[in-house]
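Here's a quick briefing to read with the model open beside you. Take a moment to turn it around before you start on the points below.

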Amino acid sequence: MTHTLATTLQPTLVHTLRMPIRWGDMDAMGHVNNTVYFRYIEQARISWFDEIACTPDPAGEGPVIVNAHCSFLKQLKYPGEIEISTFVGPPGRSSFDMFHQIHMVGADGNPGVLHAEGGAKIVWVNFSAEKSVPLPAGICQLLPPQKRLPPT
């Protein structure tokens, strides 16, 4: 999470996932391909959704991503294990922001090194109507409350 995201949105840690780096995740340059970082983040997001029983229902409502981003800070290489920390920001009417940090577990004796950070805007939609709808109350309860900024 960048300093700006952390200070303006005050996200809350909601999930942590560990997973191995697979041999096939690497590219010809000998490091994890940039597209794979998005797969790691996707798996962390889906794992949290599964944990909170938020599996999308194609015949009803659920979460979709309207944008995604990732900053690649340090190369990941096979073999290894990563830990993906998932954070969420406060709810809007129909959306919220998710943020992720990717660290190597036990990397060179320095497990605190941040290798990548990214995130996505999640919008709750009615799939058949193809329109956003208000976030369910159960989801809003899992998100941090809106913080009001002091008047200037």
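How many salt bridges does the count come to? In this predicted model, the count comes to 4 salt bridges. Three of the pairs get a closer look here, and after that we'll step back to the whole chain and its cores.

**Salt bridges**

- A bit of background helps: side chains of opposite charge can pair when their charged atoms come close.
- Start with glutamate 83 and arginine 18, a salt bridge whose closest N and O atoms are 2.9 Å apart.
- Glutamate 83 sits in strand S3 (residues 81-88) and arginine 18 in strand S1 (residues 12-20), so this pair ties together parts that are 65 residues apart in sequence.
- Glutamate 83 is partly exposed, at 22% relative accessible area, and arginine 18 is partly exposed too, at 49%.
- Next up, the side chains of arginine 22 and aspartate 25 meet in a salt bridge, with 2.8 Å from N to O.
- Is aspartate 25 buried or exposed? Its relative accessibility is 4%, so aspartate 25 counts as buried, whereas arginine 22 is partly exposed at 46%.
- Glutamate 42 and arginine 39 also meet through their side chains in a salt bridge, at 2.9 Å from N to O.
- Both glutamate 42 and arginine 39 belong to helix H2 (residues 34-51), where they are 3 residues apart, or about one turn of the helix.
- Out of that helix pair, arginine 39 is exposed, with a relative accessible area of 54%, while glutamate 42 is partly exposed at 30%.

**The whole chain**

- Stepping back, the protein chain has 3 helices and 6 strands.
- If you follow the sequence along, those pieces come in the pattern α-β-α-β-β-β-β-β-α.
- The chain has 152 residues, and 40% of them count as buried.
- Now think about contacts with a separation of 6 or more: residues 24 or more positions apart account for 70% of those in the protein chain.
- As for the outside, the accessible surface comes to about 8,600 Å², and 54% of that belongs to carbon and sulfur atoms.

**Nonpolar cores**

- The largest nonpolar core has 16 residues, and the ones touching the most other members are Tyr40, Leu76, Ile82 and Ile102.
- Which elements each supply at least two residues of this core? They are S1, H2, S3 and strand S4 (95-104).
- H2 gives the most to this core, chipping in 5 residues.
- Zoom in on isoleucine 82: leaving aside its neighbours within four places in sequence, its contacts include Leu17, Met19, Tyr40, Leu76 and Ile102.
- Another of the contacts of isoleucine 82 is Arg18, which you already met as the salt-bridge partner of glutamate 83.
- There's also a second, separate core of 13 residues, and it includes Cys54, Ala120, Val133 and Leu143.

**Cysteines**

- How many disulfides does the structure hold? The number is 0.
- Cysteine 54, one of the residues of the second core, counts as buried at 3% relative accessibility.
- Cysteine 140 is partly exposed, with a relative accessible area of 25%.

Technical notes. Residues numbered from 1 in each chain as written. Predicted model: local features only at pLDDT ≥ 70, side-chain atom pairs only at ≥ 80, totals over all residues. Heavy atoms only, no water. Helix = DSSP H or I, 4+ residues; strand = E, 2+ residues; numbered from the N terminus. Buried < 20%, exposed > 50% of the residue type's maximum accessible area, 1.4 Å probe, protein only. Contact = heavy atoms within 4.5 Å. Areas by Shrake-Rupley, 256 points an atom, 1.4 Å probe, with all protein chains shown as cover. Disulfide = S-S within 2.5 Å. Core = buried A, V, L, I, M, F, W, Y, C linked by side-chain atoms within 4.5 Å.
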